[in-house]
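These are my notes on the model you sent. They are set out as numbered points, with the pockets and cavities taken before the strands.

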Amino acid sequence: MFRKFGKLSKLAIACAIAAGSFAWSFSDTTHALSKLTMDKALQDDIRYELGLPEKEPVTEDEISIIHSLSLDDTEEIQSLKGLEHALYLTQIFIMNTHDKLDITALSSIESLQFLYIDSGSLNEEGQYVVEQLKEKGVTVVTKIDLDDNSESSSSAPIKIYIDGELAEFGIDPVIVEGSTMVQFRPLFEQFGLEVGWDGATRTVTGTKEKLELKLVIDSKNASVSGQPVALPSAPILMSGNTMVPLRFIGEATGRSVEWDAETRTVSINSTVTSYNFEYLYSNDTKYFGDQKDGVPNGKGRLLYKGTLFYEGDFNNGIVEGNGIMYDVEDTTSYYDGPFLNNRPQGEGKMVYSGGSYYEGSFVDGMREGIGKWFNADGSLRYNGQFKRDALHGHGTYYEAPRNYYIGSFERGYYNGSGKFYTDGKLDYDGEWLNDGRYIGKQYYDGKLGYVGYFYHNEAHDSGTVYSDGSTKYYRGELTNGNITGVGIFYLEDGIRYIGEVYEGNMDGYGFIRHADNTISNAGYWVADEYIGEEPPPVTEDTTIKQLLRNSFYSYIDGYYVNDYNLDSTEAMMFIELETEEDAELFNGLSKEAKAKLMNHVAQMRWGDVVGVEQCYVYVTYDYEDIYARAAITYEQADADVVVEAFAKGNGKYYK
């Protein structure tokens, strides 16, 4: 599942072993977990793992269906008691252990196959339990194992991206006095600046028409086209190379500069200001207006090849004060408001090509603070906070007049807590991640329908489905909107089915738990029917079902910009196998069975790519190895699907 491995290295993931079908013997009765003493902090982690509503109690039913469990911080957990009731728990990740933590319950989890644990802080008893688990065949990865195979982030080289492209330097960038310093020549050349060096004065220059950056080695005094600028760090010589402060160079050319300390990455991106600077400093731009000592000062106009670029105030050669700056490529697009240091600054108005416009605060040439963004017809598109030209903070965004989002934004995306309304009715209330629903509540016609995790805006991973807004219908795993995995069906009179499920049916290994907690019908189920204690015979159909139960699905719609040369009539779908064993099972299928599996997914998920005429479907493992591919059309019959199989996983994309 995509959520559960986010904080772990690839080594830990690679060691994880997939869940299979298990058989256990049950006693005639069992006790509800509520009668046991269970650590509250552990219950909170289980509640989070299963996407349960806040404050809802964790019972033995919930413990039974846990498939994977991540305990990110066990400092507040004293004991794992209660996990011995987990019947399907195959993998568990335990971080930040301590010497008081009781992990003996792990020894009673018969289904456990993989354990990651920060074992260094465990007491002697805990260390003993870990060794016993290893002897039982559980794959154990410790923090020490990962530390020995990982690179410290603080020692990783700094990477510089310019408009999304990785910049290359002769020597790695370094941090000096809090500033990222880079080789000046490659950077200047990538910005289109002509490089200059005066050995006598130890002065570096970068020139492009009227734009001139001048820096002196070991001096914090620099200039931009004659205007003095104070640097946070002075340029230095290192191994014969001149190193200059990256942020100053980027911002002096009108670009935005952002530092990500976690990844040690600097992102430099073009902006409206850097676009305007191409005209402001062009040799083809002429000034007409007031002057003082030979430089623009007072009221004036700038014309680029005869087209009006700017009219308004100047101060000592700089665009400063109130004025209007036009896009010379489309003069219907312009900024009207105050300027500071050649950039929009303060309360102004920006009109875009096509007629949409923004009214609000600007800082350093970018939308920042409170503002409103309107459509060309004057209807409101967004009302709220901005930062560095992006929607950032709290606001309301209208996708349509009655379809809108209210909540938190980050760098232009729905991120954090927010609500979405469809046709004026509450549709979703919860957490968002990069425009996608992450964990929250889904409503249907005003009634609660689902609480849990999402992926691609569909119920996915773990959650609870409700039948009439309040009555629980199902709780457990879901895959791309389908009830598939391990879960609980709530039947009549307090009876529950607990076990494996597939596409909305009781299917796989499971049992019935009655209201008095007695167990019956423990064994195998197929399409809601109990077939007994013996598993059904293995056929290609049962293998397809097993593979689809374990696999993960994703897609790329050619309607959107993509890296695969897809046009708007095409899409790609990926069926990601979970383990190497699954890859072997897939290889063992006939071509007809492979076609059936791939077409089943394509037809079931065609609604994700409405309007597409053809889908390129791939079966993959480890997101890189391609074991099969097929070009499939809507409502195509299984028999007409042509599959190309690659037993070694060495297939290629169609495009």
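1. The second largest pocket has a mixed lining: 20 nonpolar, twelve polar and eight charged residues. The model is a predicted one, and the totals for linings use all residues, whatever their pLDDT. The space in this pocket comes to about 910 Å³. Of its 40 lining residues, Val224, Phe277, Tyr281, Asn341 and Asn342 are the closest to the centre. Several elements give two or more residues each to the lining: helix 7 (246-252) and helix 8 (272-280), together with strand 13 (227-230), strand 18 (285-292), strand 19 (295-304) and strand 21 (318-327).

2. Apart from pockets, there are two cavities of 30 Å³ or more in the structure. The largest cavity has a volume of about 170 Å³. Its lining is made up of 14 residues, and those closest to the centre are Thr479, Asn482, Leu548, Ser551 and Met604. Helix 11 (residues 591-604) provides the largest share of this lining, with three residues.

3. Which domains contribute to the lining of the largest cavity? Domain 3 (457-536) and domain 4 (544-652) each supply at least three residues. By class, the lining of the largest cavity divides into six nonpolar, six polar and two charged residues.

4. The second largest cavity holds about 40 Å³ of space. Eleven residues line this cavity, and Leu50, Ile65, His67, Ser462 and Glu477 lie nearest its centre. At least two lining residues come from helix 2 (40-50), and at least two from strand 35 (472-478). The lining of the second largest cavity takes at least three residues from domain 1 (10-145) and at least three from domain 3 (457-536). Its classes are four nonpolar, four polar and three charged. Domain 3 thus appears in the linings of the largest cavity and the second largest cavity.

5. Turning to the strands, strands 1 to 4 form an open sheet with parallel pairing, in the order 1-2-3-4. Strand 1 (68-71) and strand 4 (139-142) are at the edges; each has a single partner strand, so one side of each lacks a neighbour in the sheet. From one strand to the next, the twist averages 5°. Within this sheet, strand 2 (residues 91-94) and strand 3 (residues 114-117) run parallel and are joined by four bridges. Ile94 is placed opposite Ile117 of strand 3.

6. Another open sheet has four strands in the order 6-5-17-16, and here the pairing is mixed. Strand 6 and strand 16 (256-260) are its edge strands, each pairing on one side only. Strand 5 and strand 6 run antiparallel and are joined by two bridges. Tyr161 stands opposite Leu166 of strand 6.

7. Gly164 sits in the loop between strand 5 (159-162) and strand 6 (165-166). Is Gly164 buried or exposed? Its relative accessibility is 53%, so Gly164 counts as exposed, the cut-off being over 50%. From Gly164 to Ser282 the separation is 118 residues in sequence and 26 Å in space, taken C-alpha to C-alpha.

8. Strand 25 (residues 357-363) is mostly covered, with five of its seven residues buried. Strand 25 pairs with strand 24 (residues 346-351) in the antiparallel sense, over six bridges. Gly346 is opposite Phe362 of strand 25. The hairpin of strand 24 and strand 25 has five residues between the strands, and Gly354 in this hairpin takes a positive phi near 100°.

9. Strand 25 also pairs with strand 26 (residues 366-374), again in the antiparallel sense and over six bridges. Val363 has Met366 of strand 26 as its bridge partner. The hairpin formed by strand 25 and strand 26 has two residues between the strands. Asp364, in the turn of this hairpin, has a positive phi of about 55°. As a general point for reading these strands, side chains in a regular strand alternate between the two faces of the sheet.

Key
Residues are numbered from 1 along each chain as its sequence is written. This is a predicted model: local features need pLDDT of at least 70, side-chain atom pairs count only at pLDDT 80 or more; totals for chains, interfaces and linings use all residues. Side-chain values use heavy atoms; hydrogens and water are left out. On a 1 Å grid over the protein atoms alone, a cavity is a set of points where a 1.4 Å probe fits but cannot get out, and a pocket is an open set with protein on both sides within 12 Å along at least five of seven lines; lining residues have an atom within 4 Å of a point. Grid points are joined across faces, edges and corners, and a volume is the space filled by probe spheres set on the points. Ala, Val, Leu, Ile, Met, Phe, Trp, Tyr, Cys and Pro count as nonpolar, Asp, Glu, Lys and Arg as charged, and the others, Gly among them, as polar. Domain bounds come from an automatic or database domain assignment. Buried means under 20% relative accessible area, exposed over 50%, partly exposed in between (1.4 Å probe, protein chains only). Two strands pair if DSSP finds at least two bridges between them. Axes are lines fitted to C-alpha atoms, for helices over the stretch in contact, and angles run from 0 to 180 degrees between N-to-C directions.
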